[in-house]
Amino acid sequence: IDYLINACVMEQGFNSKELIMGDRNALIVAIRITGYGTEYDVNTRCKFCNAFHEEKVDLSNLAIKRLKLSPVKKNENLFEFELPVTKKKVIFKFLTATEDRIKQQKIETLEKASSGPFVGDITINLEHAIVAIDGISDKNKIKHFIHHMPALDAKKLRNFIRESEPGVEMKFNYKCKNCGNLNENINLPINRNFFWPA
């Protein structure tokens with residue numbers, strides 16, 4: 001996918017791995033629409049009755065989330081959030097494709113090493129997103145704070161980052177033909193059928 005994006009963007013020196021994930025997803029959807037049109041066949045299972053369906057998703061209807069935050073410095077991927085309990089000022093960034101891949105590899109490694117179910121992916125997400133806390137940028141101190149921060153601070157920060165990140169909402173809704181219930185916010189699968197439809 002990285003090679004595909006790089007081949008489709010005409011700007012000299014462009015590297016898709018340096019894009020934040022939201023921008024990368026927007027390019028992926030635009031390239032897919034240009035090549036095969038807006039209709040995308042998705043195999044999905046109803047959350048209510050477990051019936052399998054093939055749904056046609058109109059990619060042109062995916063919602064676009066625009067950046068509404070002002071960065072700490074102009075044209076930099078750095079944003080501020082004040083934690084509600086400790087009142088500390090957090091500087092965070094939206095992860096690039098490279099950073100997200102590194103984070104995912106770390107999670108996978110820890111999942112394999114853990115004897116039971118791994119539940120640390122939430123803290124790893126914050127470790128990779130947070131750049132500084134109250135002006136302190138030492139990674140070990142940030143990690144220590146994350147592991148001891150109040151649960152409400154962690155939840156509010158995670159939600160703020162997720163809700164603020166710009167890009168394409170890679171989710172769709174459909175009404176189950178079997179039970180009639182509405183399945184909402186289903187993750188849009190990006191697999192080989194996305195670029196090489198059967």
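Here are legends for four close-ups of this predicted model.

**View 1. How helices α3 and α4 cross.** Two packed helices are described by the angle between their axes and the distance between the axes. For α3 (residues 97–113) and α4 (residues 121–129), the axes come within 10 Å and cross at roughly 150°. Anything over 145 degrees counts as roughly antiparallel, so that's the label α3 and α4 get with respect to each other. As for handedness, α3 goes past α4 in a right-handed crossing.

**View 2. Who meets whom between α3 and α4.** On the α3 side, look for Glu 99, Ile 102, Lys 103, Lys 106, Ile 107 and Leu 110. Their partners in α4 are Asp 121, Ile 124, Asn 125, Glu 127 and His 128. Sorted by type, the residues of this contact come out as five charged, four nonpolar and two polar.

**View 3. The largest nonpolar core.** This core has 19 residues, and the ones with the most contacts inside it are Val 29, Leu 59, Leu 62, Phe 172, Leu 188 and Phe 194. At least two residues apiece come from α2 (21–36), β1 (39–45), β8 (171–175) and α7 (192–195). α2 chips in the largest share, with three residues. Apart from this core sits another one of 18 residues, including Val 90, Ala 129, Met 149 and Ala 154.

**View 4. Zooming in on Phe 194.** Which residues does Phe 194 touch, not counting those up to four places away in sequence? They are Ile 28, Val 29, Arg 32, Tyr 36, Tyr 40, Leu 59, Leu 188 and Pro 189. Val 29, Leu 59 and Leu 188 also turn up with Phe 194 among the core residues with the most contacts.

Note on methods
Residues are numbered from 1 along each chain as its sequence is written. This is a predicted model: local features need pLDDT of at least 70, side-chain atom pairs count only at pLDDT 80 or more; totals for chains, interfaces and linings use all residues. Side-chain values use heavy atoms; hydrogens and water are left out. Axes are lines fitted to C-alpha atoms, for helices over the stretch in contact, and angles run from 0 to 180 degrees between N-to-C directions. Helices (H or I, at least four residues) and strands (E, at least two) are DSSP runs, numbered from the N terminus. Angles under 35 degrees count as roughly parallel, over 145 as roughly antiparallel, 65 to 115 as roughly perpendicular and the rest as oblique. A crossing is left-handed if the near helix is turned anticlockwise from the far one by less than a right angle, and right-handed if clockwise. Contact means heavy atoms within 4.5 Å. Ala, Val, Leu, Ile, Met, Phe, Trp, Tyr, Cys and Pro count as nonpolar, Asp, Glu, Lys and Arg as charged, and the others, Gly among them, as polar. A nonpolar core is a set of buried Ala, Val, Leu, Ile, Met, Phe, Trp, Tyr and Cys residues joined through side-chain atoms within 4.5 Å. Buried means under 20% relative accessible area, exposed over 50%, partly exposed in between (1.4 Å probe, protein chains only).
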